[in-house]
Amino acid sequence: MARARPTSPRCPRCHAPIVLEEGRVLYTCGYCNASIDTQGEKAPRPEYQAPASTGAGGNTGGLLVGGILSLCFTAGLVAFYSFSSVTESTGGPTPTSVPEPSPVVVAPPPVAEKKAKFQWDSQGVPLAVDLNGDGTDDIIGRIRRLSLVPGKTETRNQVSAFDGKSLDLLWEADLEGTISDLSGAVHVVHQGGRVVMSEPGAVHLLEPKTGKPLGRVALSDKPSRLCIPKGDTESVWVEVVDGQNLLFNTKTATARPAIEPPPPCVPVKWSHHLCFVPVFRKSPVPCERPRNLPAVPGFRAENVYKLEDLDVAMGARSPGSRVPMVAVFRRGEKAALWAENVADMDPRNVKESTVDVVDFSEDSLFMVYALKEGGEQLVRRDLQKGSVGWDVPIPNSRSGSGVSQIREHGGRIYVPHWVWLDVFDAKTGNLIGTLGAW
């Protein structure tokens, strides 16, 4: 077995080997730069290492130790020069990575609030009155809201008010009763600075701006009509189906029996001289069957609306196909003021009929007629001359039921049909807006 051999003396600080020279006392470590005095401080005693093995194993061990020392030395040089370079160029260490700028986060666009859908109830024309005092008539009428629940569709019936300028919802009041009960029982009038609303079994008093309930009076049966007595500023006459009529006071929200209707609430009794009931009910203007009208060649009158001094006759061309026509007579004169086709278009495109949806202003006649290809038109004619002011299509009129009644009020035309209420400018025929959706 080979004996252990002493190794070279080493630095007392870093243990690096030192090569001693004969007669030399002071040394400087070439690794840690330490000063070594071999007289004042004896050099470390030689250490012994394990005997070196012979053959390839010995050579491999030497190569391994040498490689490790070489790698350590190289790493030290790289670190030294890297540190020196950083110090000279920046005066401090450089971050290992430069942070990238934060990505710009774009806020999503605001989601427009969806307005709740509703359907307009086309039974009757709406009430137009300025509720909020902004100078524009607001709109009060009956609507229905549909909601899907498991197994069925629920319907909420309401009376709602809409702003006349924006058509935004102002308020809504729920109605009680089935659809059949509500039919013909929901009426709204404005009296004494309050809104009076009827439903099956009750009459309600509402605050105009908010719809807040202010009072309620029970009825003995369904109401058939609300009417404002002539010259009265605070009462509403309530006609009840069973005859137990009431006079409702809008100041006190109380009622008293009033069996007999006050003027002008006396209903017109139908007779054979009047228009057929379905036509008669479509307009507040009295409608009669034609009697003693001056003859107009090519025209046959069927319904005559009685204004102050004018008779407005609705009919059709005769002989020939029933192209809808209108003629206006001044009462007592022997000839018509004018007679024209209702439509301001090729009569071959117009559905054969007699127009029965009409309304009047001081100087104009408004009529609704149908087209052969579907859809309906709203036309304005001058009462005295018959000249056409405008003739415009009614939106969505190809779907559902047609227009059964219109109303001119405050420079606007209100046209309810199926699930919509269209509002037109009476002067220009421009569509102001539509309430309701399918």
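Trainee: Which residue is the bridge partner of C287 in β17?

Mentor: In β17, C287 has Y305 as its bridge partner. The model is predicted, so local features need pLDDT of at least 70 and side-chain atom pairs count only at pLDDT 80 or more, whereas totals for chains, interfaces and linings use all residues. Residues are numbered from 1 along each chain as its sequence is written, and side-chain values use heavy atoms, with hydrogens and water left out.

Trainee: What makes β16 and strand β17 (residues 299–306) a pair?

Mentor: Two bridges join them, and they run antiparallel. Strands pair if DSSP finds at least two bridges between them, so the two bridges here satisfy the rule. The names come from DSSP runs numbered from the N terminus: helices are H or I with at least four residues, and strands are E with at least two.

Trainee: Why are β16 and β20 called edge strands?

Mentor: The open sheet has five strands in the order β16-β17-β18-β19-β20, with antiparallel pairing. Both β16 and β20 (336–341) pair on one side only, which places them at the edges.

Trainee: How is the sheet that contains β8 arranged?

Mentor: That open sheet has four strands in the order β8-β9-β10-β11, and the pairing is antiparallel. Its edge strands are β8 (187–191) and β11 (213–218), each pairing on one side only. On average, neighbouring strands of this sheet are turned by 20° against each other, direction ignored. Such angles run from 0 to 180 degrees between N-to-C directions, with axes as lines fitted to C-alpha atoms, for helices over the stretch in contact. Five bridges connect β8 with strand β9 (residues 194–199) in the antiparallel sense, and H187 has S198 in β9 as its bridge partner.

Trainee: How do you know that β5 pairs with β6?

Mentor: Strand β6 (residues 152–162) and β5 share 11 bridges in the antiparallel sense. One of the partnerships sets S147 against E154 in β6. The hairpin of these strands has two residues between them, and G151 takes a positive phi near 90° there. Strand β5 (residues 138–149) is also joined by two bridges to strand β3 (residues 119–120), with the strands antiparallel; Q119 has R144 in β5 as its partner. Strand β4 (residues 127–129) pairs with β5 over three bridges, where L127 stands opposite I140.

Trainee: Why is the link of C227 and C265 called a disulfide?

Mentor: Their sulfur atoms are 2.0 Å apart, and a disulfide is a pair of cysteine sulfur atoms within 2.5 Å, so the pair qualifies. The torsion of -90° about the S-S bond makes the link left-handed. It joins distant parts of the chain, 38 residues apart: C227 lies in strand β12 (residues 223–227), and C265 in the loop between β15 (254–257) and α3 (277–280). Both cysteines are buried, the word standing for under 20% relative accessible area, with exposed over 50% and partly exposed in between (1.4 Å probe, protein chains only).

Trainee: What makes the disulfide of C275 and C287 left-handed?

Mentor: The torsion about its S-S bond is about -75°, so the handedness is left. C275, in the loop between β15 and α3, and C287, in strand β16 (residues 287–288), are 12 residues apart. The S to S distance is 1.8 Å, and both residues are buried. The structure holds two disulfides, in the pattern 1-2, 3-4 with bonded cysteines counted along the chain.

Trainee: Why is one space called a cavity and another a pocket?

Mentor: On a 1 Å grid over the protein atoms alone, a cavity is a set of points where a 1.4 Å probe fits but cannot get out, whereas a pocket is an open set with protein on both sides within 12 Å along at least five of seven lines; lining residues have an atom within 4 Å of a point. One cavity of 30 Å³ or more is counted, and its lining consists of V323, N341, A343, M345, P347 and V350.

Trainee: Which residues lie nearest the centre of the largest pocket?

Mentor: They are H187, R225, R281, P284 and Q405, from a lining of 46 residues. Strand β12 gives the most to this lining, with four residues.

Technical notes: Grid points are joined across faces, edges and corners, and a volume is the space filled by probe spheres set on the points.
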